[in-house]
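Q: Could you take me through the second largest pocket of this protein? I'd like to know what lines it and how the parts around it are put together.

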Amino acid sequence: QVQQNVERLFTRFVEEGKATVRLREPAVDLCLSKANVINLKTFLSAVRLAHQGNDTGVLPLSPLVPAKNSDVEKPKTKMIITSRRDYPLTKSFPFSLEHLQTSYCKLARIDTRVLCLKKLRKLDLSHNHIKQLPATLGDLVCLQELDLHDNHLEAFSGALCSSSLQKSLQFLDLSQNQIQALPIEFCQLRGLVQLRLDDNALLRLPCRIGQLSRLRFLSAARNKLPFLPSDFRKLSLENLDLFGNPFEQPNPLVPNIQLKIPLTLLECAARAAVNHRIPYGCHLLPSHLCKDLEVAKTCRCGSACLSSFIQITVTMNLHHVAHTVVLVDNMGGTEAPILCYFCSLDCYSQFLDRHLQSN
């Protein structure tokens, strides 16, 4: 119904083949673009006459012709910006974007407009000045690849690790930043296949890194790692690069003894909860106890230990966890020190006997 139903005609850009017809009922705008200018003017005249109740039969209306595929603007799915002068300041990013790269733009933070692009699968923010990641980055439910290479990051938020990125994120590049440690929650990103941590200031890797069962490519070269976490043994990698870390010389004969004899009631209860897989949660226990249980150490005998243990470092050939290993140092080595725990003096003594006999 057109008669007495046209609120307004927007014809400012009619010479460019654009116009908008605003209806009263339903309250919608009909946007016309890429139209033939003559046909568009004729159409608008017909709409004006119809609105006034006049006869449109006297107008030379051309028959409607379906638009060609080449005339229809397809939704934009990819945008690459590699300089600050090309960065859009007044225009919005197309909501249809699946791949966005904004590199070398001197960004100090992530644009909030980017966080609204719910279809994003690949986000490249490399070579900027970003210091902090917003928690809302985890709302990008389709995000599979995140490149933050060469920024000023000092941390990776635990909240992001607990977001939808747990399932979607497969590629993460945090290389060339200033990160010293990753949160315990980091190992909740169990969809990760490729992880780059080169050229940071990492003093340790996440203690539960073995939970990243899908991880196939790991690079943490040129950091400050003195040793690897015991959980590192559980990884099954295709490619591993740990070159340029100041690994300590392992010495099983110099243990770090943290045993508490007799065991405290808390230690006994914690060991029983882990060993017997007793369910627990923050609704049953204080949150700090839950966090302690989640990072319980595992003795060589298979038993758990919490705050009472003996710790040593032993040598591990990295080929046990990776098919291809980049040399650890310039001497051609492929071995690195790894933490090892014992729940009692008895377990440590048995290991020590075997170690001395093998040598």
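A: Let's start with the wall of the pocket. The strand that gives the largest share of the lining of the second largest pocket is β17, with three residues. Keep in mind that this is a predicted model.

The pocket holds about 630 Å³ of space. Its lining counts 27 residues, and the closest to the pocket centre are C207, S230, D231, K297 and Y341. Besides β17, strand β13 (297-298) also gives two or more residues to the lining. Sorted by class, you get 16 nonpolar, three polar and eight charged residues around this space.

Now for the domains. The protein is split into domain 1 (6-52), domain 2 (78-224) and domain 3 (256-316 + 337-358). Domain 2 and domain 3 each supply at least three residues to the lining of the second largest pocket. The C-alpha centres of these two domains, 2 and 3, are 34 Å apart.

Back to β17, and the sheet it belongs to. That sheet is open and has three strands, running in the order β12-β15-β17 with antiparallel pairing. Both β12 (256-257) and β17 (335-342) are edge strands, each pairing on one side only. The partner of β17 is β15 (residues 310-317), and the two are joined in the antiparallel sense over eight bridges. If you want a spot to look at along that pair, find I312, which stands opposite C340 in β17. Helix α6 (residues 345-358) packs on this sheet, where it touches β15 and β17, and its direction makes about 30° with that of β15.

Stay with β12 for a moment, as there is a backbone detail just after it. P262 is in the loop between β12 and α4 (265-275). The peptide bond that joins I261 to P262 is cis, with omega at about -5°.

There is another sheet to look at too. This one is open and has nine strands, in the order β4-β5-β6-β7-β8-β9-β10-β11-β16, and the pairing is parallel. At its edges are β4 (78-81) and β16 (322-326); each has a single partner strand, so one side of each is left without a neighbour in the sheet. On average, neighbouring strands here are turned by 5° against each other, direction ignored.

Follow the β16 end of that order. Strand β10 (residues 217-219) pairs with strand β11 (residues 237-241) in the parallel sense over three bridges, and S219 has D241 in β11 as its bridge partner. Next, β11 pairs with β16, again in the parallel sense, over four bridges. There, the bridge partner of N239 is T324 in β16.

Two more backbone spots deserve a look while you have the model open. One is Y104, in the loop between β5 (99-102) and β6 (122-124). Its phi is near 55°, a positive value in a residue other than glycine. The other is P26, in the loop between β2 (19-23) and β3 (29-32). The peptide bond from E25 to P26 is cis, with omega near 0°.

To come back to your pocket: β17 gives three residues to its lining, and this strand sits at the edge of the antiparallel sheet, pairing on one side only. For a first view, you could display C207, S230, D231, K297 and Y341, the lining residues closest to the centre of the pocket.

Notes:
Residues numbered from 1 in each chain as written. Predicted model: local features only at pLDDT ≥ 70, side-chain atom pairs only at ≥ 80, totals over all residues. Heavy atoms only, no water. Domains from an automatic or database assignment. Pairing = 2+ DSSP bridges. Contact = heavy atoms within 4.5 Å. Axes fitted to C-alpha atoms, helices over the stretch in contact; angles between N-to-C directions. 1 Å grid on protein atoms, 1.4 Å probe; cavity = no way out; pocket = protein on both sides within 12 Å on 5 of 7 lines; lining within 4 Å. Points joined across faces, edges and corners; volume = space filled by probe spheres on them. Nonpolar A, V, L, I, M, F, W, Y, C, P; charged D, E, K, R; others polar.
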